[in-house]
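The following exercises are to be worked through with the sequence and the model in view. Each task is followed by a solution in steps.

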Amino acid sequence: MFQKITATFACWLLSCAAFAQHKDAIFLDKAQFTTGDDPAWSFPGFDDKTWKTLQTGQVWQAQGFDNYHGFAWYRIHVFVPSSLRENAFWKDSLRLFLAHVNDVDETYFNGVKVGKTGAFPDDAGGYVSKWPATREYHIAAEAAAVKWDAENIISIKVYDGGGTGGIFMGAPYIDMLEKTDGLAITMAAEDIRYDADKATLTLTVSNSYSVYFDGVLKTKILDAAAHGIITQKNAVLHIRPLDKSVFHFTVPNRPGVEISWSFTQTGTTLVRSEKQTLPYTLTPSPADLPRINSAAVLGLHPGSPVLFKIAATGKKPLRYAASGLPAGVQIDPSTGMIGGVVTDSGSYPVVITVSNSLGKAQQHFNIVAGARLALTPPMGWNSWNCWGINVSADKVMQSAQALIDKGLIDYGWTYINIDDGWQKPVRATDSSVVPNEKFDDMMALGTWLHSRGLKFGIYSSPGPRTCGGYLGSYRNEEKDASTYAAWGVDYLKYDWCSYDEIARNDSALTTFIKPYSIMDEALQKQKRDIVYNLCQYGMRDVWKWGSQVHAQSWRTTEDIEDTWQSFSSIGFGQARLYPYAGPGHWNDPDMMIVGKVGWGQDLHPTRLTPDEQYTHVSLWCLLSAPLLIGCDLSKLDAFTRNLLTNSEVLAIDQDVLGSQAQRMVENDSTQVWVKQLADGGKAIGVFNMTSGYSHVRLPWKELGFRRTQRVRDAWRQKSLGTVQNVPRLLLPPHGSVLLKLASN
Ligand code: GAL
């Protein structure tokens, strides 16, 4: 009678994000909550009044259970009216949608088990985290467990194996399943083509049920700011079982264009509708003349192997040269790769030249051999936000190859970092860590990456296990550091996770520093430059002591998700941390959530709107944040590529002064952040915090800027004249502008 279906309608398709649920859906936004575990908590009659009330959309760490990992229970009390069933066309199945659960859940409806996703540590086979899976359980409407016109108790036993815990990343609800749930209306980002001021897109209506669909599809292209219709189209659809219909549109390539569609099913008159902002490109195509995009400084340890590829655009083939290189270091003129070893400490002023058949570009480039690494924020890719623990050598190589083929390497994107999920459960007899079946030869992977000018990153935990339950480095730190060095690793993300078991609620600051200082000592012994990233979610103000353990960056927050709420609270929440960022030590507000993400399951286009994505990249650059792309690069669409290859925007992140922007204006609708740049100029981010269009006139005078200072729009790479000429800005919902102000 009870049926478990995991993530049938994952709703990652652009269309169903907002309208997956029935119009009468009942949202389950609050629950009674306690930590611990007792089977009696599944019983409907249990009295949970003394439990704490939590929001279901946020992890419990964000709601007063800062450092708790292990078992916990949610109990949701919900009145289910019979009108929910009566108003439905198909009246047979109740759907319980619980969004994501960190990490494992077992769910009961009035004491009857209706589903389980993942495995608890005491299950046969051991713990399996399934946090990237959305939970959707279906219950027959006739089942005795469902109490119509009465209160029902949904009890959810949850296990959190590390990192964050609980129900999150979505809004849980119950509703009735309908025929229209089998219909998906999608507009794939990969299918959008841009041609200067026009874009062409494809809308696909597909039927995943084995019944016919009849209805009318109404589509409109809208000018959101002017509230006007650009074009509209109606179509009568008769879609065969498991078939689809496809429509093409040509639209303006500019901000503020929306598409809306609504499908009315014949007979039931049920409607599925959706409106979304169309992605538009702002970054102009690169010129044919060479341009050098690399940061103007490189920090390294004397005696370590050097690997640095000059990032440059321009008509290929490009030729590379460098004068003033320290002894022991050479440049390959055809690839722009600098290699060798610097033996003596010191600062070496180098001039780089990149030339092609049309001309040349030159840039001063300082090689600083000394104690510091990462003199500008690391830029690259990390496997976590797309592949989760399903990462494999093949997937890593595919993304690395795509980073090269799609030209991202020409803008300085270099690190290829494997996150959790690469370790075998047991060590070799000499106690060295061994990769699992998904990564047969780490050294070969490192060599493969290096030969292409890329850097190799890896992940571990100071605890016995990582957050995904893989082997950690506890008590094997030195062995692991030397193994990484032998493999050619250039970056280590070191994630607290199960170190809780070792720390055992000891809140002394030294307890938080200790595991990071042990790995620090182990890394310092290696003759290799390994950038050290602390991942412990900002506990005990890590920004105040991260440099003490020679870390080059530290995560300042819990994990990011691809929603405005998550990224804006993390990004705009960095304001007070500006004194702690600088060359060789960066605040890390987590990896980027653009492109196709999904943490190993349900890979889906980011749920951020295009304007939110421009805001995301602008803010991360103003923050001098490490830029780690978290999407599947082999599926990189034209919009996301354009977003990640703006040399003037990325130059703000990679500015050698390394200062983090300060928030200068903050009110309900607007924020203005200002970052000091090495050339005496400033980068200014103006952000619309509202969900509507907003006009902003910048308070130039109050900000201390002179009327005659020159202003440039960084995204459009266009001069706006002087301060006194900049018009009132019209910012889209959650949108922004990124300006560069000249020093004079
Ligand atoms: C989390 C961390 C994520 C990812 C994950 C792997 O603690 O914040 O970024 O590394 O662990 O299990």
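A polar contact is a pair of N or O atoms within 3.5 Å; within protein, one atom must be able to donate a hydrogen and the other to accept it, and residues adjacent in sequence count only if both atoms are side-chain atoms. The model is predicted: local features require pLDDT of at least 70, side-chain atom pairs count only at pLDDT 80 or more, and totals for chains, interfaces and linings use all residues. Residues are numbered from 1 along each chain as its sequence is written, and side-chain values use heavy atoms, with hydrogens and water left out.

**Exercise 1. The ligand site**

Task: Determine which residues come nearest to the ligand and describe the polar contacts of Arg555, Lys493 and Tyr537.

Solution.
- Step 1. A residue is near the ligand if one of its heavy atoms lies within 4 Å of it. There are 13 residues around the ligand, and Asp419, Asp420, Lys493, Asp495 and Asp559 come nearest.
- Step 2. Sort this shell by residue class: six are nonpolar, one is polar and six are charged. Here Ala, Val, Leu, Ile, Met, Phe, Trp, Tyr, Cys and Pro count as nonpolar, Asp, Glu, Lys and Arg as charged, and the others, Gly among them, as polar.
- Step 3. Examine the side chains. A side-chain N or O atom of Arg555 is 3.1 Å from a ligand oxygen. For Lys493, a polar side-chain atom lies 2.8 Å from an oxygen atom of the ligand, and for Tyr537 the distance from a side-chain N or O atom to a ligand oxygen is 3.4 Å.
- Step 4. Consider the cover. Of the 310 Å² of accessible area that the ligand has on its own, the protein covers 98% (Shrake-Rupley method, 1.4 Å probe; for residues, only the protein chains shown count as cover).

**Exercise 2. The six-stranded sheet**

Task: Establish the strand order of the open sheet of six strands and identify its edges.

Solution.
- Step 1. Strands are DSSP runs (E, at least two residues), numbered from the N terminus, and two strands pair if DSSP finds at least two bridges between them.
- Step 2. The order is E4-E3-E5-E10-E7-E8, with antiparallel pairing.
- Step 3. Strand E4 (52-55) and strand E8 (112-117) are the edges, each pairing on one side only.
- Step 4. Neighbouring strands are turned by 30° against each other on average, direction ignored (axes are lines fitted to C-alpha atoms, and angles run from 0 to 180 degrees between N-to-C directions).
- Step 5. Within this sheet, strand E5 (residues 70-80) and strand E10 (residues 150-160) are antiparallel and share eleven bridges. Ala72 stands opposite Val158 in E10.
- Step 6. In the loop between E7 and E8 lies Asn110, which has a positive phi of about 50° although it is not a glycine.

**Exercise 3. The three-stranded sheet**

Task: Explain why one side of E23 and of E26 lacks a neighbour in the sheet.

Solution.
- Step 1. The open sheet has the order E23-E27-E26, with antiparallel pairing.
- Step 2. Strand E23 (305-309) and strand E26 (329-331) stand at the edges with a single partner strand each, so one side of each has no neighbour in the sheet.
- Step 3. From one strand to the next, the twist averages 15°.
- Step 4. E26 pairs with strand E27 (residues 337-341) over three antiparallel bridges; Gln330 has Gly339 in E27 as its bridge partner.

**Exercise 4. Cis peptide bonds**

Task: Locate the cis bonds that lead to Asp103 and Pro317.

Solution.
- Step 1. The bond from Asn102 to Asp103 is cis, with omega near 10°. Asp103 is in the loop between strand E6 (93-102) and strand E7 (104-109).
- Step 2. Lys316 and Pro317 are joined by a cis peptide bond with omega about 0°. Pro317 lies in the loop between strand E24 (312-313) and strand E25 (319-323).

Note on methods
Helix = DSSP H or I, 4+ residues; strand = E, 2+ residues; numbered from the N terminus.
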